[in-house]
Amino acid sequence: GQLFIFFTIKRFGALVFATINTVRTMFSVLLSYAVFGHDINSGEALGILLVFASLAFQVYSKWRRQAKSGAVDSGSQKKMA
């Protein structure tokens, strides 16, 4: 367990590890609701929705930054060639 944590932080950064940990925890909570048959009230549903929406936005933002930087890099390489 500890080696995975250290490897992930060293290789991908603390933000990626925090995202992985948050997703793992949320799936654990959702699985618990499903296995034990508890009802999800509106506040809990809103919290779950906010967590996944913020994670989706984070992934989208990172993808978009990488797409823009990749487009700039490929353009500069063409000028150099």
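## Overall layout

In what order do the elements of the protein chain run from the N terminus on? The order is α-α-α, and the chain has three helices and zero strands. Keep in mind as you browse that this is a predicted model.

The protein chain has 81 residues, and 10% of them count as buried. Its accessible surface comes to about 6700 Å². Carbon and sulfur atoms account for 68% of that surface.

## How α1 meets α2

Let's start at the N-terminal end of the fold, with helix α1 (residues 2–12) and helix α2 (residues 14–36). Two packed helices are described by the angle between their axes and by the distance between those axes. Here the axes of α1 and α2 come within 7 Å and cross at roughly 135°. The two helices are therefore oblique to each other, since an angle has to be over 145 degrees to count as roughly antiparallel.

Which residues make this contact? From α1 come Ile5, Thr8, Ile9 and Phe12, while α2 brings Ala14, Val16, Phe17 and Ile20.

## Threonine 22 and its partners

Further along, threonine 22 also lies in helix α2. Its relative accessible area is 32%, so threonine 22 is partly exposed; that class covers the range between 20% and 50%.

What does threonine 22 touch once residues up to four places away in sequence are set aside? The partners are Val51 and Leu55. Another pairing to look at is threonine 22 with phenylalanine 52: they are 30 residues apart in sequence, and their C-alpha atoms are 9.3 Å apart in space.

## A nonpolar patch on the surface

Now for leucine 31, which is another residue of helix α2. Is leucine 31 buried or exposed? Its relative accessible area is 54%, and a residue counts as exposed when that value is over 50%, so leucine 31 is exposed.

Leu31 also belongs to a nonpolar patch on the surface, together with Val35 and Phe36. The accessible area of these residues together is about 350 Å².

## The loop after α2

Where is histidine 38 placed? You will find histidine 38 in the loop between α2 and α3 (42–80). Its relative accessibility is 48%, so histidine 38 counts as partly exposed.

Leaving aside neighbours within four places in sequence, histidine 38 is in contact with Ser32 and Tyr33.

Conventions:
Residues numbered from 1 in each chain as written. Predicted model: local features only at pLDDT ≥ 70, side-chain atom pairs only at ≥ 80, totals over all residues. Heavy atoms only, no water. Patch = residues over 30% accessible without salt bridge, like charges linked within 9 Å, V, L, I, M, F, W, Y side chains within 5 Å. Areas by Shrake-Rupley, 256 points an atom, 1.4 Å probe, with all protein chains shown as cover. Salt bridge = Lys/Arg side-chain N within 4 Å of Asp/Glu carboxyl O. Helix = DSSP H or I, 4+ residues; strand = E, 2+ residues; numbered from the N terminus. Buried < 20%, exposed > 50% of the residue type's maximum accessible area, 1.4 Å probe, protein only. Axes fitted to C-alpha atoms, helices over the stretch in contact; angles between N-to-C directions. Parallel < 35°, antiparallel > 145°, perpendicular 65-115°, else oblique. Contact = heavy atoms within 4.5 Å.
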